[in-house]
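Work through the exercises below with the sequence and the model open. Each task is followed by a solution in steps.

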Amino acid sequence: MASLYIHIPFCRTRCNYCDFYKSTACADTNDYIDALDREMEYRRDYFGSEPVDTVFFGGGTPSVLPPATLQQILDKAATLWNLGHVKEITVEANPDDITDNYLDALTDTDINRISFGVQSFIDRDLRMMGRRHNAVQAMQAVEAVQRRGYDNVSIDLIFGVPGMTTEEWSQNVRTAVDLGVSHISAYCLTIAEGTVFGNMEASGRLIPASDEECEAHYLACHDILTAHGFEHYEISNYALQGCRAHHNMAYWSGRRYLGLGPSAHSYDGTHRTYAASDVKGYIKDAGSDIIYDGETLSHADKYNEFIMTALRTSDGINPEHMAERFGSIGMEFFSGSVKRLIKEGCIAFNGTSYCIPPEKWMVSNDIISELFYVE
Ligand code: SF4
């Protein structure tokens, strides 16, 4: 099974912390859909006969497009690839796009999972982050889609926001639980150069949260959500039973995926391809080779990626899977390098797999880099 990602690089306004690639020029959307169409045709052979079982509309803000347009893209994809086994079709949405009319149209599509960019239920923080919605709108949007029968609803929250206390953050998490969502992604705020927050930090007008505050938020989130039946299945992701994000799981398990749109990545098991991060260039040149760059992954690259993604999940590294993919040499290298980390309590063997204990996930990058194979 393979996965399809479709990038919608438009946002109505730019958030103060955002360094994802996007354009606020929503007027280009018709030209963009034409370009997507050309790219789909160009890459029609990418999956061969392999069925696609997850589709993800990410951004940017896919909900700036009418649901009928998203369905038009899905219909086109279904003429090119085997979508007969699709089990999860997700759209990322901003709460302020959710109106009754929007929901009427959404229920006419094949989309069966909604991922809301909520970020916080505190108006002060939403204003500071430059989000367009307020807390009441976020709650109403979640409740509105649930009333329409969507039971697979995810929300993104951000912790480590300057000035946010651990109690305020914990209340955010509890609000998400009370809303009855099935999946929560909780990310630590990163302040990137070139963003509004980056400029504010550089001029001393924004003091980032300390590592200790971020860690306290992270652990509070883990404690609250696991106490409410959520599985902490990846460093930033929590799900109720049976509600893991299959699309993201596909990335983390090294499956083949095709990404469409500017800045989207694709992976066929050996080669990774990147489309240039330029909406105008994409609109002009989609459907030809010139928008792509890429790399061929060596055996060591694949080993290191496997280590990195598997150890960020609660499933960890199963020795049998490791041996299947990298042979006895890969397993021997891993067994040798993991010994010290086990002694230090940074990795545990649970009888089935090697895992990083959740209380160490905040420093997982340091732990994982100790296990890399360096050529
Ligand atoms: S809505 Fe998302 S992608 Fe768009 S500017 Fe805000 S954070 Fe960035």
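**Exercise 1.** Locate Lys 284 and state whether it is buried or exposed.

Solution. Step 1: Lys 284 belongs to helix H10; helices (H or I, at least four residues) and strands (E, at least two) are DSSP runs, numbered from the N terminus. Step 2: a residue is buried if 20 or more other C-beta atoms lie within 10 Å of its own, exposed if 12 or fewer, and partly exposed in between, with C-beta atoms placed from the backbone. Step 3: Lys 284 has 14 other C-beta atoms within 10 Å, so it is partly exposed. Step 4: from Lys 284 to Asp 31 there are 253 residues in sequence but 9.0 Å in space, C-alpha to C-alpha.

Two points hold for every exercise. The model is predicted, so local features need pLDDT of at least 70 and side-chain atom pairs count only at pLDDT 80 or more, while totals for chains, interfaces and linings use all residues. Residue numbers start from 1 along each chain as its sequence is written.

**Exercise 2.** Compare the span of helix H1 with its expected span, then find which residues of H1 are buried and what covers them.

Solution. Step 1: the expected span of a helix is 1.5 Å times one less than its number of residues. Step 2: H1 (residues 29–42) has 14 residues and should span 20 Å, and its end C-alpha atoms are 20 Å apart, which agrees. Step 3: the buried residues of H1 are Tyr 32, Ala 35, Leu 36, Glu 39 and Met 40. Step 4: these buried residues fall within an arc of 145 degrees seen down the axis, so they line one face of H1; the arc is that of the directions from the helix axis to the C-beta atoms. Step 5: exposed Asn 30 and Asp 34 sit on the face of H1 turned away from its buried side. Step 6: the cover over the buried residues includes helix H2 (67–80), strand S9 (257–260) and helix H10 (279–285).

**Exercise 3.** Do the same for helix H6 and name the elements its buried residues pack against.

Solution. Step 1: H6 (residues 166–179) has 14 residues and reaches 20 Å from its first C-alpha to its last, close to the 20 Å expected. Step 2: Trp 169, Asn 172, Val 173, Thr 175 and Ala 176 are the buried residues of H6. Step 3: they cover an arc of only 155 degrees around the axis, which puts them on the same side of H6. Step 4: the face turned away from that side carries exposed Glu 167 and Asp 178. Step 5: the buried residues pack against strand S5 (153–159), strand S6 (183–188) and helix H8 (211–227). Step 6: just after H6, Gly 180 has a positive phi of about 80 degrees.

**Exercise 4.** Which residues have the most contacts inside the largest nonpolar core?

Solution. Step 1: a nonpolar core is a set of buried Ala, Val, Leu, Ile, Met, Phe, Trp, Tyr and Cys residues joined through C-beta atoms within 7 Å. Step 2: the largest such core has 80 residues, and those with the most contacts inside it are Ile 6, Val 142, Ile 155, Leu 157, Phe 159 and Ile 184. Step 3: a second, separate core of 16 residues includes Phe 306, Ala 310, Phe 326 and Leu 371. Step 4: two residues are in contact if their C-beta atoms, placed from the backbone, lie within 7 Å. Step 5: leaving aside neighbours within four places in sequence, the contacts of Leu 157 include Asn 172, Val 173 and Ala 176.

**Exercise 5.** Examine the backbone at Gln 119, Ser 263 and Gly 60.

Solution. Step 1: Gln 119, in strand S4 (residues 113–119), has a positive phi near 70 degrees without being a glycine. Step 2: Gln 119 is buried, with 25 other C-beta atoms within 10 Å. Step 3: Ser 263, in the loop between S9 and strand S10 (265–267), is not a glycine and has a positive phi of about 75 degrees. Step 4: Ser 263 is partly exposed, with 18 other C-beta atoms within 10 Å. Step 5: the peptide bond from Gly 59 to Gly 60 is cis, with omega near 15 degrees, and Gly 60 lies in the loop between strand S2 (52–59) and H2.
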